[in-house]
Amino acid sequence: MFITIHAATGALVGTQIANPILSFLINFALHFVMDIIPHGDKELGKRFFGLLNKKLNEEEKIKSLAAYGLIDYIVLVFFLLFMFKNFTFAKDDGVIWGIVGGIVPDLLVASYVLTKSKKIKWFFDFHKWNHHLLIGRMKNDIPLKAGIAMQILLFAFLFMLLAEINLVK
């Protein structure tokens with residue numbers, strides 16, 4: 001899933017769970033539940049840049065994934081800026097730590113991809129295994145365009161819920 005989806009989910013759950021440790025842990029676990037849902041990113045970097053039939057070396061794979069990830073992080077930054085500027089609950093500890101818990105798994109994966117640190121390889125392997133739980137049974141991921149569309153709709157839904165909560169608080 002887009003990291004922005006994990007952050008919005010973390011914020012939403014954090015509005016309901018004031019305890020920052022509990023909010024972090026729940027959103028950390030929820031990250032994996034959400035990633036089980038097929039969302040079109042099995043061959044993400046290659047599909048996004050139209051390179052599916054091209055053999056990429058490791059450096060080219062990392063560059064294509066980094067470019068896609070950069071777009072996601074830019075959207076995340078604008079979402080967070082908007083949220084912290086306009087939503088009264090955005091500074092609540094449960095919300096902040098919910099967001100952090102939701103995005104930390106992808107940050108750890110990115111850290112492994114960039115450093116190949118043996119200390120976090122187990123986490124990378126678990127994250128990858130989790131990502132492919134349903135996709136492996138389906139024999140294929142959903143189309144990337146469908147996955148992007150689904151995530152945009154999910155983000156719009158999460159954003160509407162957050163906006164509604166902001167009106168109530």
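**Helix packing and aromatic pairs in an all-helix model**

Ala29 sits in helix α2, which covers residues 20-36. The structure discussed here is a predicted model. With a relative accessibility of 42%, Ala29 falls into the partly exposed class, because that class covers whatever lies between the buried cut-off of under 20% and the exposed cut-off of over 50%. Along the chain, Ala29 is 72 residues away from Gly101, yet their C-alpha atoms are just 8.2 Å apart in space. Gly101 itself belongs to the stretch 93-115, that is, helix α5.

Stepping back to the whole chain, the secondary structure adds up to eight helices and zero strands. Read along the sequence, that gives the pattern α-α-α-α-α-α-α-α. The protein chain has 169 residues, and 40% of them count as buried. What share of the contacts with a separation of 6 or more comes from residues 24 or more positions apart? In this chain the share is 76%.

Next comes the way the helices pack. Two packed helices are described by the angle between their axes and the distance between the axes. Helix α1 (residues 3-16) packs on helix α5 (residues 93-115) at an angle of about 150°, and the two axes are 7 Å apart. That angle makes α1 roughly antiparallel to α5, because angles over 145 degrees are put in that class. The crossing of α1 past α5 is right-handed. On the α1 side, the contact is made by Ile3, His6, Ala7, Gly10, Ala11, Gly14 and Thr15. On the α5 side, Gly94, Val95, Gly98, Ile99, Gly102, Ile103 and Asp106 take part. Sorted by class, the contact of α1 with α5 holds six nonpolar, seven polar and one charged residues.

Helix α1 also meets α8, the helix of residues 144-168. How do α1 and α8 run, roughly parallel or roughly antiparallel? Their axes come within 10 Å and cross at roughly 25°, so α1 and α8 are roughly parallel to each other, since the cut-off for that class is an angle under 35 degrees. This crossing is left-handed. From α1, the residues in the contact are Thr4, Ile5, Ala8, Thr9, Ala11, Leu12, Thr15 and Gln16. From α8, they are Gln151, Leu154, Phe155, Leu158, Leu161, Leu162 and Ile165. By class, the contact of α1 with α8 divides into 10 nonpolar, five polar and no charged residues. Ala11 and Thr15 of α1 turn up here, and both are also listed in the contact with α5.

One residue of α1 deserves a closer look. Thr4 lies in helix α1 and counts as buried, because its relative accessibility is 3%. Which residues does Thr4 touch, once neighbours within four places in sequence are left aside? They are Asp72, Val75, Leu76, Phe79 and Phe155.

Now for the rings. A pair of aromatic rings is described by the distance of the centres and the angle of the planes. The structure holds 16 aromatic pairs. One of them joins Trp122 and Phe123 edge-to-face, with 5.6 Å from centre to centre and 90° between the planes. As for the surroundings of this pair, Trp122 counts as exposed because its relative accessibility is 58%, whereas Phe123, at 6%, counts as buried. Another pair, Phe155 with Phe159, is tilted, at 6.1 Å centre to centre and 35° between the planes. Phe155 and Phe159 are four residues apart in helix α8, so about one helical turn separates them. Phe155 is partly exposed at 22% relative accessibility, and Phe159 is partly exposed at 24%. Ring pairs also link a cluster made of Phe24, Phe28, Phe32, Trp97, Trp122, Phe123, Phe126 and Trp129.

The backbone has a point of interest as well. Most residues other than glycine have a negative phi. Lys116 is not a glycine, yet its phi is positive, at about 55°. Where is Lys116 found? Lys116 lies in the loop between α5 and α6, the latter being residues 121-131. With a relative accessible area of 39%, Lys116 is partly exposed.

Definitions and conventions: Residues are numbered from 1 along each chain as its sequence is written. This is a predicted model: local features need pLDDT of at least 70, side-chain atom pairs count only at pLDDT 80 or more; totals for chains, interfaces and linings use all residues. Side-chain values use heavy atoms; hydrogens and water are left out. Axes are lines fitted to C-alpha atoms, for helices over the stretch in contact, and angles run from 0 to 180 degrees between N-to-C directions. Helices (H or I, at least four residues) and strands (E, at least two) are DSSP runs, numbered from the N terminus. Angles under 35 degrees count as roughly parallel, over 145 as roughly antiparallel, 65 to 115 as roughly perpendicular and the rest as oblique. A crossing is left-handed if the near helix is turned anticlockwise from the far one by less than a right angle, and right-handed if clockwise. Contact means heavy atoms within 4.5 Å. Ala, Val, Leu, Ile, Met, Phe, Trp, Tyr, Cys and Pro count as nonpolar, Asp, Glu, Lys and Arg as charged, and the others, Gly among them, as polar. Buried means under 20% relative accessible area, exposed over 50%, partly exposed in between (1.4 Å probe, protein chains only). Rings of Phe, Tyr and Trp (its six-membered ring) pair if their centres lie within 6.5 Å; planes under 30 degrees apart count as stacked, over 60 as edge-to-face and the rest as tilted.
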